[in-house]
Amino acid sequence: MAEETKRSAIIREGEIEKAYGNKKPRILSGMRPTGKLHIGHFAGALEPWVKLQSVAENFHLIADYHVLTTKLDTSDIAQLSLDMAIDWIAFGIDPEKSPIFRQSKIKEHAELFLIFAMLITKARLERNPAVKEQVRDLDIGEGMSFGHLGYPVLQAADILLYKGDLVPVGEDQLPHVEMTREFARDFNNHYGKVFPIPSAYLSETPRLPGTDGNRMSKSIGNTILLSDTPEDTWKKMKSAVTDPQKIRRNDPGRPEICLVYGYHQKWNPGEVNQIHAGCSSGELGCVDCKKKVTEKLNESFAPQRAKRSELAKDPGAVLDIIEQGEIRARGEAEKTIQAVRSAMNLG
Ligand code: TRP
């Protein structure tokens, strides 16, 4: 049995060396460009990606075609992509090492999507739990576009075009990686081995709720942005909900149900015990507690935010960086498509 068919479908933080030995795995990570990123994107995706740069070869995809599945208005797509790339670079992605590129600039995504579309049934796509969820959440009923139903087909093409071994994702994306594995196996069975069977990579990041306690999301307006000024950060933190039972400053609180305590765990790990004790006993009021964590967060982000402002002043230079990444990505994509065409006798 080939080594990779034995590799598990999910690889967790800290397991890379065990799984790949001295071979650096190829990582394909991607996000839909929704503009400026928030601290949830950082903790859940960007920070793990940055760490992975030392143990893997990373490719970073700006999934601008995927945006069309839920939003046909493309008037701001260029700006959204640029803003996201600026955050990626400012917060630690080294584009010299790890190319950053736009999906729509590499035509081979569309070509592989078309071929993969032939390998999957409509019924399989409709069974995808992410599709069911979106039909419900977006209340689209029968109105889902063909392209939206094919979301995971395009995602599989994104990953396999670069022969990705590992795909860093949140739990919600696991069904997509599972389908990518199916595409790789099916293709290889029909036409001969071209693709590796990729695994999902799960990092150990607790989910950070938004400042209102709900899932952090730009559309809800409960986010703290990586690009926020220290003052904006404080303004948002100040309004964050805390334990509703802690009404007066000296009332004892329950840190384990408080989102601000969750932020302390992430940005103030050295003092969590003190914070926990202070909140539980009532000695620490919510305003002071929020001040403390805001200071820590602002302090830790200061260098990246400074770099971000610099980058934002010269969008042309950032675009050049992306275009350089696209040259590298295109080189890989062209090689893979050649192998695909030749395996399929398409010349
Ligand atoms: N579906 C991913 C998301 O919503 C974005 C994405 C598109 C992606 N293509 C990808 C992620 C390939 C990883 C690999 O965040």
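**Exercise 1. A network of charges**

Find the residues that make up a salt-bridge network with Arg-26, and then see how many salt bridges there are in the whole predicted model.

*Solution.* Start at Arg-26: together with Glu-57, Glu-332 and Lys-335 it belongs to a network of salt bridges. Next, widen the search to the whole model, which is a predicted one. The rule used here gives a count of 20 salt bridges.

**Exercise 2. From one strand to its partner**

Work out how strand β2 is placed, which strand it pairs with, and how the chain gets from one to the other.

*Solution.* Step one is the cover. Strand β2 spans residues 26-31, and five of its six residues are buried. Step two is the pairing: β2 runs parallel to strand β3 (residues 57-62), and six bridges join them. For a landmark along this pair, look at Met-31, which stands opposite Ile-62 in β3. Step three is the connection. Leaving β2, the chain passes through helix α3 (residues 39-52) before entering β3, and this β-α-β crossover is right-handed.

**Exercise 3. Where two domains meet**

Describe the interface of domain 1 and domain 2, beginning with the bounds of each and ending with a salt bridge.

*Solution.* First, set the bounds: domain 1 takes in 2-208 + 315-344, while domain 2 covers 228-311. Their centres, taken over C-alpha atoms, are 33 Å apart. Second, look at the contacts, where 14 residues of domain 1 touch 11 residues of domain 2. Third, turn to area. Interface size is often expressed as the accessible area lost when the parts come together. Here the two domains bury about 1,200 Å² between them, and 73% of it is on carbon and sulfur atoms. Fourth, check the charges: the rule finds three salt bridges across this interface. Now apply the bounds to a pair, Arg-308 and Asp-87, whose closest N and O atoms are 2.5 Å apart in a salt bridge. Arg-308 falls within 228-311 and Asp-87 within 2-208, so the pair links domain 2 to domain 1.

**Exercise 4. A threonine in a helix**

Decide whether Thr-294 is buried or exposed, and list its contacts beyond its neighbours in sequence.

*Solution.* Begin with the location, helix α15 (residues 286-313). The relative accessibility of Thr-294 is 4%, so this residue counts as buried, the cut-off being under 20%. Then set aside neighbours within four places in sequence; the contacts of Thr-294 are Pro-230, Thr-233, Trp-234 and Met-237.

**Exercise 5. Three salt bridges side by side**

For the pairs Glu-111 with Arg-341, Glu-126 with Lys-122, and Asp-251 with Arg-248, give the N to O distance and the exposure of each partner.

*Solution.* Take Glu-111 and Arg-341 to start with: their side chains meet at 2.9 Å, N to O. Glu-111 sits in helix α6 (residues 108-117) and Arg-341 in helix α16 (residues 315-343), so this salt bridge ties together parts 230 residues apart in sequence. Glu-111 is partly exposed at 25% relative accessibility, and Arg-341 is partly exposed too, at 27%.

Move on to Glu-126 and Lys-122, with closest N and O atoms 3.7 Å apart. Both lie in helix α7 (residues 122-127), four residues apart, which is about one turn of the helix. Glu-126 is partly exposed at 38%, whereas Lys-122 is exposed at 57%.

Finish with Asp-251 and Arg-248, where the closest N and O atoms are 4.0 Å apart. Asp-251 counts as buried at 16% relative accessibility, but Arg-248 counts as exposed at 60%.

Note on methods. Residues numbered from 1 in each chain as written. Predicted model: local features only at pLDDT ≥ 70, side-chain atom pairs only at ≥ 80, totals over all residues. Heavy atoms only, no water. Buried < 20%, exposed > 50% of the residue type's maximum accessible area, 1.4 Å probe, protein only. Helix = DSSP H or I, 4+ residues; strand = E, 2+ residues; numbered from the N terminus. Pairing = 2+ DSSP bridges. Right-handed = clockwise from strand over helix to strand, strands pointing away. Domains from an automatic or database assignment. Contact = heavy atoms within 4.5 Å. Buried area = accessible area lost by both parts, 1.4 Å probe.
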